[in-house]
Amino acid sequence: MRSDKLGETLLPKRLALPIFASDALSSVAYAPDEIMLMLGLAGGAFAMTHSWQVTIAVILVMVVVVASYRQNVHAYPSGGGDYEVATVNLGPKAGLTVASALLVDYVLTVAVSVSSGVQNAGTVFGFVRGNEVIVGVAIIVFLTAMNLRGVRESGKAFAVPVYLFMLAIIGMGIVGFVQKFTGNLTPAESAGLTLVPEGGQELTGLAAAFLLLRAFSSGCAALTGVEAISNGVPAFRKPKSDNAAATLLLMGALSITMLASIITLSQWTGIKIAEDPARQLLRDGQPVGDGYVQHTAIGQLSEAVFANFHIGVVFVTIVTGLILFLAANTAFNGFPVLGSILARDGYLPRQLHTRGDRLAFSNGILILAAAAVLLVVVFRANVNALLQLYIVGVFVSFTTSQTGMVRHWTRHLRLERNAKERARMQRSRAINAVGAAMSGLVLIVVLITKFAQGARFAILAMAVLFVLMLAIKKHYSRVRDELAIDWEVDRPTLPSHVHAIVCISKVHKPTMRALAYARASRPSYLEAVTVDVDPEETQALLDEWDKRDIPVPLKVLASPYRQITKPVLDYVRSIRSGNPRDLVTVYLPEYVLGRWWEQILHNQSALRLKARLLFTPGVMVVSVPWQLQSSEGAERDWIDEPPIPGSVRGGAL
């Protein structure tokens, strides 16, 4: 796609919702399980009593966070999101902290969403069980391929499953509520089981309070993905901020509705979720054993609500699996954009700022996919293990961003004199202040309850990224300073003399082209150089040189140890040592091969010599290519993706 077609990739709200909100919407597929699983450690009665309380607390946090981020998208519509807010208002180090947290969280979003989708798919497709890692990696590869096609194309492909998931969950909730009030709601499959506390003893006092906090922190997984819209404002159609704010509000309303309906129906149908179902769940006073398969809350709900309508059960299961896979798409849009902004600011490699041929940030997409695949493989696609690393990053960004927004409004209030605008800013500051306080409190709870379970690894990854990005910034700054021209000192001067050296091994077409090119440049001195590795071949070369009467002197460099590179380097340095203002130009005749396997048949001496000469001050290296027949048309393979510097398909000298 041409660069001037970028405007055609902008998203209407109907496509922006499934692209940027799929993560937050999909979290209702596993957040209820995590709440009930944590509370289930204290027994079934404890879970039934407190699950709705924990859910209300999670919903309250979601309302505050959504309201806060609606202020963000209006104040900072450039797409920097939390990173930009923190950098502008709290300083570069705060912005880098947020960026590190978000990058880690985006990777975890892909790993958690895909692993959870695979787990749900295993309830319908038996072949998935035992092959979760392979299936998870395959799904990530598929999502990567779709996103490399471009943001708009991936949105069109993924919109239908996201809307079907909304229809399935909200429809199931409506049917379930009608059945409850008409007395037709069927109990869940686990309703007849008894859930006993882990260890056999009920928790009280501080232990029970700590468990409630753990359940709350796990339920806050429902808030992941909220920040993605603030990072994706540039992808919306105009008016960008208004459309992003509307999408954010719709996403929050849908998430709250679905989460509340699932928890409510779970209580009405008697669903029980245990961390160790084989021993914690009892049937007729006896453990159900290892043969019992514990389905997810949505799986059990669909079987209860659609007890006499099996197609409904299959539909809910399939679209839930799909939405969990597609939730990763939020990260595939957020991570590359944030990576591009960081690369623009010099904190990540410049390549991440470049759009691919489909106007997507291809390099960022590939890096995200590789990191997510690594996590899925290392953690064996285990959702419970991955979730312990989750959430920390997103609440670090929530807290820092909202604190930055408070300072943003405070700064603007000092300058604003219009009473109406001041009232609006004060209202926005109050919303962001509540958001900062709430997010900070949740962050503390998450750190306390999840640090030992695995959150420390996420924090370590953030710290490593933070240090790495500082090092990259330092490198770019050092290079920029070295390359900057001091016009008082570094005025351009011509070299005293130019010594041209043509490195040869035999008399053939590449050699003659290199000699002709060197002569055409009219250097001060010109000579051909060969290394005496084999005396017989060297003598044959000298005889041929004299026989053809080539008008360039040929110098033979001794090489008692049969090296080629070192004698040439020593000779070049000896020329440079005489006068630092002299310039040495080394011409390397190379023949260009078209097939990869042909490289194995040649010694690549020109490549090795070139690599060493590039580190020699005052030396210019000129490659003089001679294209062999096999290279005809091969340039098309390299036109978009050039080879790594130094890896030219060149043959020997």
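In which sense do β4 and β5 pair, and over how many bridges? In this predicted model, the two strands run parallel to each other and are joined over 5 bridges. One of the contacts between them can be picked out by eye: His 499 stands opposite Tyr 525 in β5. To get from β4 to β5, the chain passes through helix α19 (residues 509-520), and this β-α-β crossover is right-handed.

Strand β4 covers residues 498-503, and Ile 501 has its place there. With a relative accessibility of 1%, Ile 501 counts as buried, because buried means under 20%. Ile 501 also offers a good example of how folding brings parts of a chain together: Glu 527 is 26 residues away along the chain, yet the C-alpha atoms of the two residues are separated by 5.2 Å.

Strand β5 has a second partner as well. Spanning residues 525-532, β5 pairs with strand β6 (residues 554-558), again in the parallel sense and over 5 bridges. Two places help to trace this pairing on the structure: Val 529 stands opposite Lys 555 in β6, and Asp 532 has Ala 558 as its bridge partner in that strand. Helix α20 (residues 535-548) completes the arrangement, since β5, α20 and β6 make a right-handed β-α-β unit. How much of β5 is buried? The count is 6 of its 8 residues, so β5 is largely enclosed by the rest of the structure. When following any of these strands, it helps to remember that side chains in a regular strand alternate between the two faces of the sheet.

Another sheet can be found elsewhere in the chain. This one is open, has 3 strands in the order β1-β2-β3, and shows antiparallel pairing. Its edge strands are β1 (194-195) and β3 (286-287), each of which pairs on one side only. Strand β2 (residues 281-283) runs antiparallel to β1, and 2 bridges join them. Here Leu 195 has Leu 281 of β2 as its bridge partner.

The helices can be examined in a similar way. Helix α14 takes in 35 residues, from 310 to 344. At 1.5 Å a residue, α14 should span 51 Å, and the 53 Å between its end C-alpha atoms agrees with this. Is α14 largely enclosed or largely open? Because 27 of its 35 residues are buried, α14 is largely enclosed by the rest of the structure. After the helix comes Gly 346, which has a positive phi, near 90 degrees.

Helix α9 (residues 205-219) contains Leu 211. This leucine has a relative accessible area of 4%, so Leu 211 is buried. Its C-alpha atom is 8.1 Å from that of Leu 41, although the two residues are 170 apart in sequence.

The surface gives a contrasting view. Val 160, Leu 164, Leu 167 and Phe 315 make a nonpolar surface patch of about 330 Å². Which helix gives the largest share of the nonpolar patch? That helix is α8 (residues 151-182), which supplies 3 residues. Leu 167 is found in α8, and its relative accessibility of 55% means that Leu 167 counts as exposed, the cut-off being over 50%. Leu 211 and Leu 167 therefore make a handy pair to look up: the former is buried, whereas the latter is exposed.

Technical notes: Residues numbered from 1 in each chain as written. Predicted model: local features only at pLDDT ≥ 70, side-chain atom pairs only at ≥ 80, totals over all residues. Heavy atoms only, no water. Helix = DSSP H or I, 4+ residues; strand = E, 2+ residues; numbered from the N terminus. Expected span 1.5 Å × (residues − 1). Buried < 20%, exposed > 50% of the residue type's maximum accessible area, 1.4 Å probe, protein only. Pairing = 2+ DSSP bridges. Right-handed = clockwise from strand over helix to strand, strands pointing away. Patch = residues over 30% accessible without salt bridge, like charges linked within 9 Å, V, L, I, M, F, W, Y side chains within 5 Å. Areas by Shrake-Rupley, 256 points an atom, 1.4 Å probe, with all protein chains shown as cover. Salt bridge = Lys/Arg side-chain N within 4 Å of Asp/Glu carboxyl O.
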